[in-house]
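Subject: Structure handover

Hello,

Here is the structure for you to take over. My notes come after it.

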Amino acid sequence: MQKSMIRLLSFADLFSIFNALLGFLAILVLLIENLEMKIHISLSLILLGLLIDGLDGVIARRFGSSKIGEYLESMADMTTLSIAPAVFVFFIYSDVINGDLYRYAYLLFALVLFLGFAIIRLASFHVMKKEKFFVGLPASASTIILLILAYFEIDFILIFPVVIIIGALMASDICFPKPDLKINAFAAVFILLTIIFNKSHYGFAPIILFIGILIYASGGPIYLKFFRKMQ
């Protein structure tokens, strides 16, 4: 007897669905007029989705995964780690655009490129999945870099080159090490601190998180190459 679609789900899949819902809510929040701190709320929802994304893998390894788990995870990540961040960036810089058609075109082209690279990255992830390293910069790291730069409202003109660099790294054949438990815990702590403290205390939490991701993105391939030579 053929199973229903609901019966195809595993416990871990519920976390993937929750991840997608957080990304969707992050977009809706930005559309609510007169909502205080909606930028921070939207950022927090995306970051929570990112944490859930890491958790569903742990749950799948502990309780087992379903036949549709990999597809569901990629679809959820597409919402939370690609579409929601792109909308977030567009919203942040909507005031800067101020009706300028050329600025609109500039920003839209940058965000379309980001989505394109993200789609390629997420669609290829399970095909090119390796046990000890990532091929291409993980979408989670790329998302954090773009989100924090937009959150601190870097110069509008820098968005395009940032997207080009991030996208090229995501879709590249460059290998990045898989973080161990301590590094993942460090990232999780500063993601939570970013959610709690916002930009208060000189923005220490998002700044440290950003620096940590930059160190990983720039030094990870060098470390991995050195480490593999030592084997």
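The notes below go from the whole chain to single helices and residues.

Please keep in mind that this is a predicted model.

Overall fold

The protein chain has nine helices and two strands. Along the sequence they come in the order α-α-α-α-α-β-α-α-β-α-α. A compact globule of 231 residues would have a radius of gyration near 17 Å, and the protein chain agrees with that at 18 Å. Along the principal axes, its C-alpha atoms fill a box of roughly 55 × 50 × 35 Å. Of the 231 residues, 43% are buried. The protein chain exposes about 13,300 Å², and carbon and sulfur atoms supply 70% of that area. Taking contacts between residues at least 6 apart in sequence, 78% join residues at least 24 apart.

Helix α2

I looked at one position here, L45, which is found in helix α2 (residues 38-63). L45 has a relative accessible area of 15%; the cut-off for buried is under 20%, so L45 counts as buried. What does L45 touch, leaving aside its neighbours within four places in sequence? The contacts are L22, L25, A26 and V29. For one of these, L25, the C-alpha atom is separated from that of L45 by 7.2 Å, with the two positions 20 residues apart along the chain.

Helix α7

Helix α7 covers residues 159-170. Its twelve residues should span 16 Å at 1.5 Å a residue, and the end C-alpha atoms are 16 Å apart, which agrees. The buried residues in α7 are I159, V162, V163, I166, G167 and M170. They cover an arc of only 125 degrees around the axis, so they sit on the same side of α7. The spacing fits a general rule: an α-helix has 3.6 residues a turn, so residues three or four places apart point the same way. The cover over the buried residues of α7 includes α3 (69-92), α5 (101-124) and α6 (139-151).

Helix α8

Helix α8 runs over residues 181-197. For its 17 residues the expected span is 24 Å at 1.5 Å a residue, and the end C-alpha atoms are 24 Å apart, in agreement. F190, I191, T194 and I195 are buried in α8. Seen down the axis, the buried residues fall within an arc of 145 degrees and therefore line one face of the helix. On the other side of α8, L181, K182 and I196 are exposed. The N-terminal end of α8 is capped by D180, which has a side-chain oxygen 3.2 Å from the backbone nitrogen of K182.

Two positive phi values

Most residues other than glycine have a negative phi. Which residues depart from this here? N198 is not a glycine, yet has a positive phi of about 60 degrees. N198 follows α8 and is found in the loop between α8 and α9 (200-230). Its relative accessibility is 21%, so N198 counts as partly exposed. Y202 is also not a glycine and has a positive phi of about 65 degrees. Y202 lies in helix α9. At 82% relative accessibility, Y202 counts as exposed.

Regards

Methods:
Residues are numbered from 1 along each chain as its sequence is written. This is a predicted model: local features need pLDDT of at least 70, side-chain atom pairs count only at pLDDT 80 or more; totals for chains, interfaces and linings use all residues. Side-chain values use heavy atoms; hydrogens and water are left out. Helices (H or I, at least four residues) and strands (E, at least two) are DSSP runs, numbered from the N terminus. The expected span of a helix is 1.5 Å times one less than its number of residues. Buried means under 20% relative accessible area, exposed over 50%, partly exposed in between (1.4 Å probe, protein chains only). The arc is that of the directions from the helix axis to the C-beta atoms. A polar contact is a pair of N or O atoms within 3.5 Å; within protein, one must be able to donate a hydrogen and the other to accept it, and residues adjacent in sequence count only if both atoms are side-chain atoms. The radius of gyration is taken over C-alpha atoms; the globule rule is 2.2 Å times the number of residues to the power 0.38. Contact means heavy atoms within 4.5 Å. Accessible areas come from the Shrake-Rupley method with a 1.4 Å probe; for residues, only the protein chains shown count as cover.
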